[in-house]
Amino acid sequence: MSVRLKKNDRVRVISGKDKGKEGKILRRIPDRDLVVVEGVNLVSRHMRPTQKNPQSGIHKQEAPIYASKVMLVCPHCGAAVRVGSSFLESGKKVRVCKKCSEIIDKA
C-alpha cells in the first residue's frame, strides 16, 4: 500500500455494512493493507477482569477493515477523493487532492 492513507486522516467508508460512515484512522497495518477507523466495524469482545482493565463484560471495539474500502476526505473540498502525489519546490513529496488539486499534507 502506498502512503495514501496516514494515521489521523479523516476517511469515508465506500462499501460494506458501514458504507457512508466517516471516522479518523486510529491505526494502520500496512503489511496486510488494513486500517482501523474510529467508530467503524464495531465488534463485541467478551472481556474478563484484569489488573489493567478491572471492568469485565461485553465491550465494543473497532476491528480492522481493508484500506481499499475507505477513501480520504479532503480537508479543503470535504469530498471523498482519490489521492495523488506531487513534489514541492523544496523537493518534499506531498499528497494532493485529485478533485481540487490542493495539498493535503500539512507543510
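A pocket, on a 1 Å grid laid over the protein atoms alone, is an open set of points where a 1.4 Å probe fits and where protein lies on both sides within 12 Å along at least five of seven lines, and its lining residues are those with an atom within 4 Å of a point. The model on your screen is predicted, and for that reason local features need a pLDDT of at least 70 and side-chain atom pairs count only at pLDDT 80 or more, while totals for chains, interfaces and linings use all residues. Residues are numbered from 1 along each chain as its sequence is written, and side-chain values use heavy atoms, with hydrogens and water left out.

**Stop 1: the second largest pocket**

Select Val3, Ser85, Lys93, Val94 and Arg95, which lie nearest the centre of the second largest pocket, a pocket lined by 11 residues. Its volume is about 150 Å³, where a volume is the space filled by probe spheres set on the grid points, which are joined across faces, edges and corners. Strands β9 (83-87) and β10 each supply at least two residues of this lining; strands here are DSSP runs of E with at least two residues, numbered from the N terminus. By class, the lining has 3 nonpolar, 3 polar and 5 charged residues, with Ala, Val, Leu, Ile, Met, Phe, Trp, Tyr, Cys and Pro counted as nonpolar, Asp, Glu, Lys and Arg as charged, and the others, Gly among them, as polar.

**Stop 2: the largest pocket**

Keep Arg95 selected and add Asp9 and Asp105, since these residues are among those that line the largest pocket, together with others including Leu72, Pro75 and His76. This pocket has a volume of about 180 Å³, and its lining is made of 5 nonpolar, 2 polar and 5 charged residues.

**Stop 3: salt bridges around Arg95**

Side chains of opposite charge can pair when their charged atoms come close. A salt bridge is counted when a side-chain nitrogen of Lys or Arg lies within 4 Å of a carboxyl oxygen of Asp or Glu, and a search of the whole structure finds 5 of them. Show the side chains of Asp9 and Arg95, which meet in a salt bridge with an N to O distance of 2.7 Å. Which parts of the chain does this pair tie together? Asp9 lies in the segment before β1 (10-13) and Arg95 in strand β10 (residues 93-97), so the bridge ties together parts that are 86 residues apart in sequence.

Now look at Asp105, which also forms a salt bridge with Arg95, the closest N and O atoms being 2.8 Å apart. Asp105 sits in the segment after β10, 10 residues from Arg95 in strand β10. Add Lys6 to the selection, and you have the network of Lys6, Asp9, Arg95 and Asp105, joined by salt bridges that share partners. Are Asp9 and Arg95 buried or exposed? Asp9 is buried, with a relative accessible area of 11%, and Arg95 is buried as well, at 7%, where buried means under 20% relative accessible area, exposed over 50%, and partly exposed in between (1.4 Å probe, protein chains only). Asp105 is buried too, with a value of 15%.

**Stop 4: Glu22 and Arg12**

Select Glu22 and Arg12, whose side chains meet in a salt bridge at 2.4 Å, N to O. Glu22 lies in strand β2 (residues 22-29) and Arg12 in strand β1, so the pair ties together parts that are 10 residues apart in sequence. Glu22 is partly exposed, with a relative accessible area of 35%, and Arg12 is partly exposed at 23%.

**Stop 5: the open sheet**

Switch to a ribbon view and follow the 6 strands of an open sheet in the order β6-β3-β2-β1-β7-β8, with antiparallel pairing; two strands pair if DSSP finds at least two bridges between them. The edge strands are β6 (65-66) and β8 (80-81), each of which pairs on one side only.

Select β2 and β3 (residues 34-37), which run antiparallel and are joined by 4 bridges. They form a hairpin with 4 residues between them, and in the turn Asp33 has a positive phi of about 60°. Val35 in β3 is the bridge partner of Arg28, and Val35 also stands opposite Ile65 in β6.

In a regular strand the side chains alternate between the two faces of the sheet. Show the side chains of β3, where Leu34 and Val36 on one side and Val35 and Val37 on the other are all buried, so that both faces are covered.

**Stop 6: the loop at Asn53**

Finish at Asn53, in the loop between β4 (42-47) and β5 (57-62). Asn53 is partly exposed, with a relative accessible area of 28%. Leaving aside its neighbours within four places in sequence, Asn53 is in contact (heavy atoms within 4.5 Å) with Met47, Arg48 and His59.
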